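Reader: I am in my first year of study and should like to examine one part of this protein closely. Could you please take a helix and explain how its residues are placed, and then relate it to other parts of the chain?

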Amino acid sequence: QKELVTEVVNQVKTAFGYYHTQIYFYDEANENLLMAGGTGEAGEKMLAQFHKIQKGRGLVGRAGESNQAVLVSDTSQNPEWLPNPLLPETKSEVAIPISIGERVLGVLDAQHNITNGLQQEDVDLLQSIANQVAVAIQNIRQYENAQKLAADLGVVANVGIATSTITEAGQLLQEVVDLSKKSFNLYHT
């Protein structure tokens, strides 16, 4: 997922000449959009600071909450726009939901240092890219879940094999506890 995000933000910024590009994904509680990748020095600093945006707040938060693209062609004329001191040259911005149907996974955000530098054509283009990112993210997550399930089932099988020859109940239970703790990397079992 990290490789995909890095590649997408860098390719979008470079290919279309934007000032800055970033991607956010919802946290587990679905309350905040956590920055997953951003371009340039500003992107690196925001990632290091674990930059996040609250659901519904600013352009990114609105796009994530509404599952609708948010375009601001002139940020100086929009009271809902949240300036970022790391990106002082932002003059226009577009936030595009990364979603599968009604389920929003995150937001693709592009900023330009030209007033009216982003238009409806950019929204259409970036929505297409965001749709492709959504499918790729869904596939990555399904693959990771399948791998985890396979690993967990392997552990269960190993515990079963290891305990199949133990006939004394106390020793059997202790072996199950010890193997479970070790195999699942648990603090206490």
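Author: The following account begins with one helix and then turns to other parts of the chain. Please bear in mind that the model is predicted.

The helix chosen is H2, which comprises residues 40-48. Which of its residues are buried? They are Ala42, Gly43 and Met46. Viewed down the axis of H2, these buried residues fall within an arc of 100°, and therefore they line one face of the helix. The general geometry helps here: an α-helix has 3.6 residues a turn, so residues three or four places apart point the same way. The cover over the buried residues of H2 includes strand E1 (20-26) and strand E2 (32-38).

On the face of H2 turned away from the buried side, one finds the exposed residues Glu41, Glu44 and Ala48. Glu41 has a relative accessible area of 56%, and it counts as exposed because this value is over the cut-off of 50%. Glu41 also takes part in a salt bridge: its side chain meets that of Lys45, with 3.2 Å from N to O. In general terms, side chains of opposite charge can pair when their charged atoms come close. Glu41 and Lys45 are 4 residues apart in helix H2, so about one helical turn separates them. Lys45, for its part, is partly exposed, with a relative accessible area of 40%. After H2 comes Phe50, whose phi is positive, near 55°.

The salt bridge within H2 may be set beside another. The count of salt bridges comes to 2. Arg62 forms a salt bridge with Glu80, and the closest N and O atoms are 2.0 Å apart. This pair links distant parts of the chain, for Arg62 belongs to helix H3 (residues 58-66), while Glu80 lies in the loop between strand E4 (70-72) and strand E5 (92-100), 18 residues apart. Arg62 is partly exposed, at a relative accessible area of 28%. Glu80 is partly exposed as well, at 41%.

Strand E2, one of the elements covering H2, spans residues 32-38. A separate distance concerns Gly37: from C-alpha to C-alpha, Glu7 and Gly37 are 9.2 Å apart in space, although 30 residues apart in sequence. Glu7 is placed in helix H1 (residues 2-16) and is partly exposed, with a relative accessible area of 46%.

A contrast to the exposed side of H2 is offered by Gln111, which is found in strand E6 (residues 103-112). Is Gln111 buried or exposed? Its relative accessibility is 5%, so Gln111 counts as buried. Leaving aside residues up to four places away in sequence, Gln111 touches Tyr18, Tyr19, His20, Gln22, Leu87, Thr90, Ser92, Glu93 and Leu118. The side chain of Gln111 is also joined to that of Asp109 by a polar contact of 2.8 Å.

Finally, one may consider the surface. Val156, Phe184 and Leu186 form a nonpolar patch there, and together they have about 250 Å² of accessible area. Leu186 is located in the segment after helix H5 (169-183). With a relative accessibility of 38%, Leu186 counts as partly exposed.

Key
Residues are numbered from 1 along each chain as its sequence is written. This is a predicted model: local features need pLDDT of at least 70, side-chain atom pairs count only at pLDDT 80 or more; totals for chains, interfaces and linings use all residues. Side-chain values use heavy atoms; hydrogens and water are left out. Helices (H or I, at least four residues) and strands (E, at least two) are DSSP runs, numbered from the N terminus. Buried means under 20% relative accessible area, exposed over 50%, partly exposed in between (1.4 Å probe, protein chains only). A polar contact is a pair of N or O atoms within 3.5 Å; within protein, one must be able to donate a hydrogen and the other to accept it, and residues adjacent in sequence count only if both atoms are side-chain atoms. Contact means heavy atoms within 4.5 Å. The arc is that of the directions from the helix axis to the C-beta atoms. Patches are made of residues with over 30% relative accessible area and no salt bridge: like charges are joined within 9 Å, nonpolar side chains (Val, Leu, Ile, Met, Phe, Trp, Tyr) within 5 Å. Accessible areas come from the Shrake-Rupley method with a 1.4 Å probe; for residues, only the protein chains shown count as cover. A salt bridge is a side-chain nitrogen of Lys or Arg within 4 Å of a carboxyl oxygen of Asp or Glu.
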